[in-house]
Amino acid sequence: MSEQIELKDLFAGLQKQVEARFSTNRKFIKHPGSKGDSLENVWISWLGEYLPNRYCIDKAFVIDSKGHLSQQLDLVIYDQHFTPFVFKQDGVMYIPAEGVYAVFEVKPEISKEYIEYAGEKIKSVRQLYRTSTNIIDRGKSHDPRPLTKIIGGLLAIDSTISIETVEKHLNSLAELQSFDMGCAVKTASFYIEYEGKEDAQIKDCNERIYSYYNARRMRNIKFSKPEYSLVTFFLQLSRYLQQSIGSVAAINLNAYAKSIKFDID
């Protein structure tokens, strides 16, 4: 008979390991800017260690083919297979909107102010214009696919407000600002269930995704136990990425080439 391992003990060990990294940073790094950077780096490092290699993770700005720019995001999960170019200028990342899977703001705690602040950051990405074009897969040409949803949320160590108050403030976020999930390591992770579907009758892919965000309404919020906050966050994020989103739509490179008045054959 094969040996067995208690998965809950393995998950608990992972939780304590990452909690210790956050606690050490909070205790020994005093400068506010450096402390913020260190929190972002722990999240980026941890997710980079456990997510499949197909996902890239960085602090970045997001851009679109019309020259619009998002606010800077603390953590962006993005693709470099269907979006083959990412700009890096003097250490600053610029990621095409088509390649973005998820964006998160990183803060020391969850509060009303940080929820609203993160909502504005998320909106600045979701409102960007995205392209979609046909792609060859296994020798067959496929039509442009609808745009994928961009997951948005807030990552923190703790929460200064109760779970009930968190729920109230999340419910007040409007349309493109709305969260999909988040995590306060010492309190709980959460994800939000929404009512509403995309309108397949809308042919313009950007209009269709904007309409979805504007129409969806919160149905329920699921909170985890504190001792499994990181693991439940990771499992839910992975499910979203692999089973809800899948692959992002292929980028139309000609839309970007127009900025330099060049047509790609």
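Helix α6 tucks a good part of itself away: S229, L230, V231, F233, F234, Q236, L237, S238, Y240, L241 and I245 are its buried residues. Keep in mind that this is a predicted model. Here's a quick tour, starting with that helix and moving on to the one cavity of 30 Å³ or more that a search of the whole structure turns up.

**Helix α6**
- α6 covers residues 229-245, and at 1.5 Å a residue its 17 residues should span 24 Å.
- The C-alpha atoms at its ends sit 22 Å apart, so the helix agrees with that expectation.
- Right after α6 comes G246, with a positive phi near 75 degrees.

**The cavity**
- Rolling a probe the size of a water molecule over the atoms shows where empty space is left.
- The largest cavity here has a volume of about 50 Å³.
- Its lining is made up of I110, S159, I163, V166, A184, T187, A188, F190 and F223.
- By type, that lining splits into seven nonpolar residues, two polar ones and no charged ones.
- Two elements, α4 (163-171) and β12 (188-195), each supply at least two of the lining residues.

**The chain as a whole**
- You'll find seven helices and 13 strands in the chain.
- Of its 265 residues, 45% are buried.
- Among contacts with a separation of 6 or more, 74% come from residues 24 or more positions apart.
- The chain's accessible surface comes to about 14100 Å², and carbon and sulfur atoms account for 49% of that.

Conventions:
Residues are numbered from 1 along each chain as its sequence is written. This is a predicted model: local features need pLDDT of at least 70, side-chain atom pairs count only at pLDDT 80 or more; totals for chains, interfaces and linings use all residues. Side-chain values use heavy atoms; hydrogens and water are left out. On a 1 Å grid over the protein atoms alone, a cavity is a set of points where a 1.4 Å probe fits but cannot get out, and a pocket is an open set with protein on both sides within 12 Å along at least five of seven lines; lining residues have an atom within 4 Å of a point. Grid points are joined across faces, edges and corners, and a volume is the space filled by probe spheres set on the points. Helices (H or I, at least four residues) and strands (E, at least two) are DSSP runs, numbered from the N terminus. Ala, Val, Leu, Ile, Met, Phe, Trp, Tyr, Cys and Pro count as nonpolar, Asp, Glu, Lys and Arg as charged, and the others, Gly among them, as polar. Buried means under 20% relative accessible area, exposed over 50%, partly exposed in between (1.4 Å probe, protein chains only). Contact means heavy atoms within 4.5 Å. Accessible areas come from the Shrake-Rupley method with a 1.4 Å probe; for residues, only the protein chains shown count as cover. The expected span of a helix is 1.5 Å times one less than its number of residues.
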